[in-house]
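Trainee: I've got a model open and I'd like to learn how to read it. Could you walk me through it piece by piece?

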Amino acid sequence: MRPGTVWCFVLAGIVCALLCSQPVHARLPQRLEGCLPYPTYEHEIKAMDEEVAAKTRMNEPRQRIIVDDVKFDGPIHVSDAVRQQVVSDLKQRNLNDNSDLESDWLREIQAGGLKGVWQDQGYFKVEATAKEEFIRNDSTGKHVRIIAHINEGPQFRLGDVQFRSSDPAEPLAFGPEELRRLIPMADGDIFSATKIREGLDALRHLYASHGYIDFVATPLTDIDDSRQRISLVMALEQQKQFRVASVEVYGLDQKMETLLKSKLKPGDVYNWQVVEDFLKQNASALPPHISHLDIELHRDVRRGTVDFRFNIFQGCPNLPE
């Protein structure tokens with residue numbers, strides 16, 4: 001065999017190793033990575049990246065920030081109970097000062113510790129800034145006082161809430177009254193961003209439990225400054241309702257497999273909550289480290305069906321030598 005021919009075989013082998021091994025590894029659940037007989041290039045690169053990141057974190061000059069006091073430098077109208085809770089939460093926060101990014105922890109306080117709290121009290125347009133006032137350094141960290149400036153703006157209440165399908169030709173799958181009950185605020189209540197997010201989660205749960213696994217809800221706000229009201233229109237992109245076409249289960253014992261298949265039968269509307277309940281209720285009998293990566297859903301949008309595959313190995317599979 002000529003030398004050039006040998007190099008062609010070697011090069012082909014290297015290319016195949018680089019291009020062919022990665023897709024196979026990418027489909028492995030995380031707990032099976034240790035089952036591979038040799039490290040892949042992905043493993044080696046990942047290990048090197050983790051080592052560099054760990055050394056970088058060790059070399060970063062970080063200092064614990066301890067909030068001893070919080071002072072508001074202007075008038076605020078939230079209740080004393082809310083203000084005291086804000087102070088308590090800020091004092092208990094796990095904050096670290098990085099000399100290169102010394103304002104990061106202050107931005108964290110402004111966004112979550114201050115602005116978010118006021119928005120949940122109806123001050124939708126609030127502006128919040130925070131400055132630190134150094135107190136002392138000791139063995140526990142840097143002690144500071146937070147000087148918080150809150151420009152509350154007007155306090156808003158909820159106007160009304162309406163629901164519409166994003167596709168005018170597609171009627172809503174559920175009645176407006178049923179959907180409205182999922183928003184945990186009555187008309188006229190103080191507007192709360194957190195409660196709106198809770199309502200969006202409840203809408204997703206409702207639709208997903210009835211086969212609408214691609215459902216998306218988009219809240220559109222109508223702000224009336226003169227009446228200090230915020231009305232909402234929930235634009236609902238319902239998408240297709242899916243039914244179960246087939247159920248495949250790998251890696252479970254016969255009892256668990258039968259139980260799961262009894263809850264997901266071909267022809268049924270796909271209900272994600274059934275799978276969630278199965279994982280929670282049978283956690284002690286299932287292999288550890290179960291995750292949604294073990295569940296595959298293969299949609300057939302035209303037919304409105306989904307093939308469900310639950311693939312778990314309770315150890316390393318038998319690999320050919």
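Mentor: Sure, let's start with one residue. Leaving aside neighbours within four places in sequence, L259 is in contact with F278 and N282. Keep in mind that this is a predicted model.

Trainee: Where does L259 sit, and how far apart are the C-alpha atoms of L259 and F278?

Mentor: L259 is found in helix α7. The C-alpha atoms of L259 and F278 are separated by 8.7 Å, with the two positions 19 residues apart along the chain counted as their spacing.

Trainee: Is L259 buried, exposed or partly exposed?

Mentor: Go by relative accessibility: buried means under 20%, exposed over 50%, and partly exposed is in between. L259 comes out at 28%, so it counts as partly exposed. Now take E257, which also lies in helix α7. E257 has 17% relative accessibility, so it counts as buried.

Trainee: Which residues does E257 contact, leaving aside neighbours within four places in sequence?

Mentor: V249 and L252.

Trainee: Which strands does helix α7 lie across?

Mentor: Helix α7, residues 254-263, lies across β8 and β10, and runs at about 175° to β8. To read a sheet, list its strands in spatial order and then check the pairing. Here 3 strands make an open sheet, ordered β8-β10-β9, with mixed pairing. β8 (243-250) and β9 (295-300) each have a single partner strand, so they stand at the edges and one side of each is left without a neighbour in the sheet. From one strand to the next, the twist averages 15°.

Trainee: How many bridges pair β8 with β10, and in which sense?

Mentor: There are 7 bridges, in the parallel sense, and β10 covers residues 305-311. If you want a spot to click on, V247 stands opposite F308 in β10.

Trainee: What is the strand order in the open sheet that contains β5?

Mentor: That one has 3 strands in the order β5-β7-β6, and its pairing is mixed. The edge strands are β5 (157-165) and β6 (216-224), each pairing on one side only. The twist there averages 20° from one strand to the next. β5 and β7 (residues 229-237) run parallel and are joined by 7 bridges; within β7, V233 is the bridge partner of Q162. Helix α6, residues 193-208, lies across β5, β6 and β7 at about 25° to β7.

Trainee: And pockets? What is the general idea?

Mentor: Rolling a probe the size of a water molecule over the atoms shows where empty space is left. In this model, the second largest pocket holds about 240 Å³ of space.

Trainee: Which residues line the second largest pocket?

Mentor: The lining is A208, I213, Y270, W272, V275, E276, H292, I295, L297 and R299. Sorted by type, that gives 7 nonpolar, 1 polar and 2 charged. α8 (272-281) and β9 each supply at least two residues of that lining.

Trainee: Can we try one more residue? Is H143 buried or exposed?

Mentor: H143 is buried, at 6% relative accessible area. H143 is found in strand β4, residues 141-151. Not counting residues up to four places away in sequence, H143 touches I66, D68, E133, F134, I135, R136 and D138.

Trainee: How many helices and strands are there in the chain?

Mentor: The chain has 8 helices and 10 strands. Of its 321 residues, 31% count as buried. Among contacts between residues at least 6 apart in sequence, 64% join residues at least 24 apart.

How values were computed: Residues are numbered from 1 along each chain as its sequence is written. This is a predicted model: local features need pLDDT of at least 70, side-chain atom pairs count only at pLDDT 80 or more; totals for chains, interfaces and linings use all residues. Side-chain values use heavy atoms; hydrogens and water are left out. Two strands pair if DSSP finds at least two bridges between them. Helices (H or I, at least four residues) and strands (E, at least two) are DSSP runs, numbered from the N terminus. Axes are lines fitted to C-alpha atoms, for helices over the stretch in contact, and angles run from 0 to 180 degrees between N-to-C directions. Contact means heavy atoms within 4.5 Å. On a 1 Å grid over the protein atoms alone, a cavity is a set of points where a 1.4 Å probe fits but cannot get out, and a pocket is an open set with protein on both sides within 12 Å along at least five of seven lines; lining residues have an atom within 4 Å of a point. Grid points are joined across faces, edges and corners, and a volume is the space filled by probe spheres set on the points. Ala, Val, Leu, Ile, Met, Phe, Trp, Tyr, Cys and Pro count as nonpolar, Asp, Glu, Lys and Arg as charged, and the others, Gly among them, as polar. Buried means under 20% relative accessible area, exposed over 50%, partly exposed in between (1.4 Å probe, protein chains only).
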